[in-house]
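Open your viewer and get your selection tool ready. We will go from stop to stop, and at each one you can pick the residues and look around.

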Amino acid sequence: MKKTQFLFLVVAFAALFQYQLFANTPTRGFWMWGSSLTNSNITSIVNKLSDNYANEVYLLVKGTNGTKTDPTILTNFITQAHAKSIKVHLWYCVFQDNVYLISHPDARVYHCPNPAAGYNRPYRMDSESYVNPLYPGYKEYVLNNIGYFLNNFDCDGIHLDYIRYGHLVYSFDSYSLKKAADLGCDTTRLLSFFNTSLNYQIYAVGSGFVNLYSQKDSDVVKWVNMRKDAISDYISAIRDTIEKVKPGIKLTAAFMPEGVGNPNSSDVHYAQNYTLHSTWLDMIAPMSYFKSYDQPTSWLQSITSNAIDRVVSTCKITAGLQAFGGVTATELDEQIVYALEGGSHGVLIFKYEDITDNNKWNVIKNRFQSLSAVTNVSADFFKLENYPNPFSSSTVIKFQVAKPCVVSLTVYDAMGKKIMTLINQNMSPGFYNVNFNGNELSDGIYFYSLEMDGLKATKKMILMR
């Protein structure tokens, strides 16, 4: 390839990379029930959101009961929200659907054997609203519903919830057992982990099954991977549907926070994996409800920062905040602060209907107003540059810190994969030079991203020997 052709490709890649990573301002959003809307209250709700600097709403349009939001109300809400520059993501519960189960009772999940309860074989869970993801025809039903929303409403994204199994015991139906057997799993041995009351306590109630997975037991790994692949199949198929019907809108999801701190447990119980499943997602919102998990508000900082480390670089992390369960205005404020300190791309509050007092709204308005001023900035703001560029082995990255703050400097390859973090620490005001050595890297396009004080900038550099 000629050097001029190479440089042309560099410019093209750089423009694409910067657009993908830094096109959006931080999320200032709420989860909201679609059932809360009526044609008479939409205007007041939208005005309330706008007056408090919200820029995104994740609106429940198909919940666990399986019914859809009235189309006239949904259209009216989206139209008025867009008039106030508020994006509307349609929130869809994937693996819970009572409407579907009424007409397809065999689609219910099956529990593993539980001898103490009188079940020596897997048995159907009629009391649960979970749908078996492997039930024939269910994925097509989900995709048809997603297609309905994409074709009929001017939404800005699809947001997935319950894109997970409810527990490790909820998938011992004939379809799952056959698929696992086809993958080489000894399902007879698998079922033997629950064949006595003692075994059930060890492997279903206790951590025995998780321990076997951590120890890479062959049958358990095949079983867990089968379930993780089922989640992947749904998310990737929904992504494909979006790209065919309404390309360019966002696909996001709410994930359980266990996948951040205890990924093996999350793999086993929920089949939900931040690294694997972020491949198809533009954003994941960890549902880091501190009070529900008996944690301090500072927990959000570690959940957020660790989640960022687990997902692929093209997937943002936006912390899910708790407003229900007696959360005070002070605790809500602390959650926002800690989430942003952890690197969250804004915040998403669960939920709009739980903000019932003025103190909470004052916190939201102050914090959201501050976040609304955080926009993507050019690299010139930081006096960010590297020299030489192109470089043959090493280059010096130069930047300025205007005030004391945490500074992060990270290098990515042309596909957005993180190569290394050069700096992640508190720094004092001043000018800095950081050496980057590319001797172990292949020739090509790289990017370095500088973050400080809620702002972010990126520049390209070229390694050319």
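Here is a short tour of strands, a helix, a cavity and some backbone details.

Before selecting anything, note that this is a predicted model, in which local features need pLDDT of at least 70 and side-chain atom pairs count only at pLDDT 80 or more, while totals for chains, interfaces and linings use all residues. Residues are numbered from 1 along each chain as its sequence is written, and side-chain values use heavy atoms, with hydrogens and water left out.

**Stop 1: strand E17**

Select residues 444-452, strand E17, where eight of the nine residues are buried (under 20% relative accessible area; exposed is over 50%, partly exposed in between, with a 1.4 Å probe and protein chains only). Strands here are DSSP runs of E with at least two residues, and helices are runs of H or I with at least four, numbered from the N terminus. Now add residues 405-413: this is E14, antiparallel to E17 over seven bridges (pairing takes at least two DSSP bridges). Look for Ser-408 opposite Glu-451.

Next, show residues 455-463, strand E18, which is joined to E17 by nine antiparallel bridges. Phe-447 faces Lys-460 across this pair. E17 and E18 make a hairpin with two residues between them, and Asp-453 in the turn has a positive phi of about 55 degrees.

**Stop 2: helix H10**

Select residues 218-245. How far apart are the end C-alpha atoms of H10? They are 40 Å apart, which agrees with the 40 Å expected for 28 residues at 1.5 Å a residue (the expected span is 1.5 Å times one less than the number of residues). At the start of H10, a side-chain oxygen of Asp-217 comes within 3.2 Å of the backbone nitrogen of Asp-219.

**Stop 3: backbone details**

Most residues other than glycine have a negative phi, and most peptide bonds are trans. Go to Tyr-162, whose phi is near 50 degrees; Tyr-162 is partly exposed at 21% relative accessible area. Ala-271 has phi near 55 degrees, but is buried at 0%.

For cis peptide bonds, zoom to Phe-350 and Lys-351, where omega is about 0 degrees. Another joins Tyr-387 to Pro-388, with omega near -5 degrees.

**Stop 4: the largest cavity**

Finish by selecting Phe-95, Val-109, Tyr-130, Val-131, Pro-133, Arg-164, Tyr-165, Gly-166 and Tyr-170, which line the largest cavity (on a 1 Å grid over the protein atoms alone, points where a 1.4 Å probe fits but cannot get out; lining residues have an atom within 4 Å of a point).

How values were computed:
On a 1 Å grid over the protein atoms alone, a cavity is a set of points where a 1.4 Å probe fits but cannot get out, and a pocket is an open set with protein on both sides within 12 Å along at least five of seven lines; lining residues have an atom within 4 Å of a point. A polar contact is a pair of N or O atoms within 3.5 Å; within protein, one must be able to donate a hydrogen and the other to accept it, and residues adjacent in sequence count only if both atoms are side-chain atoms.
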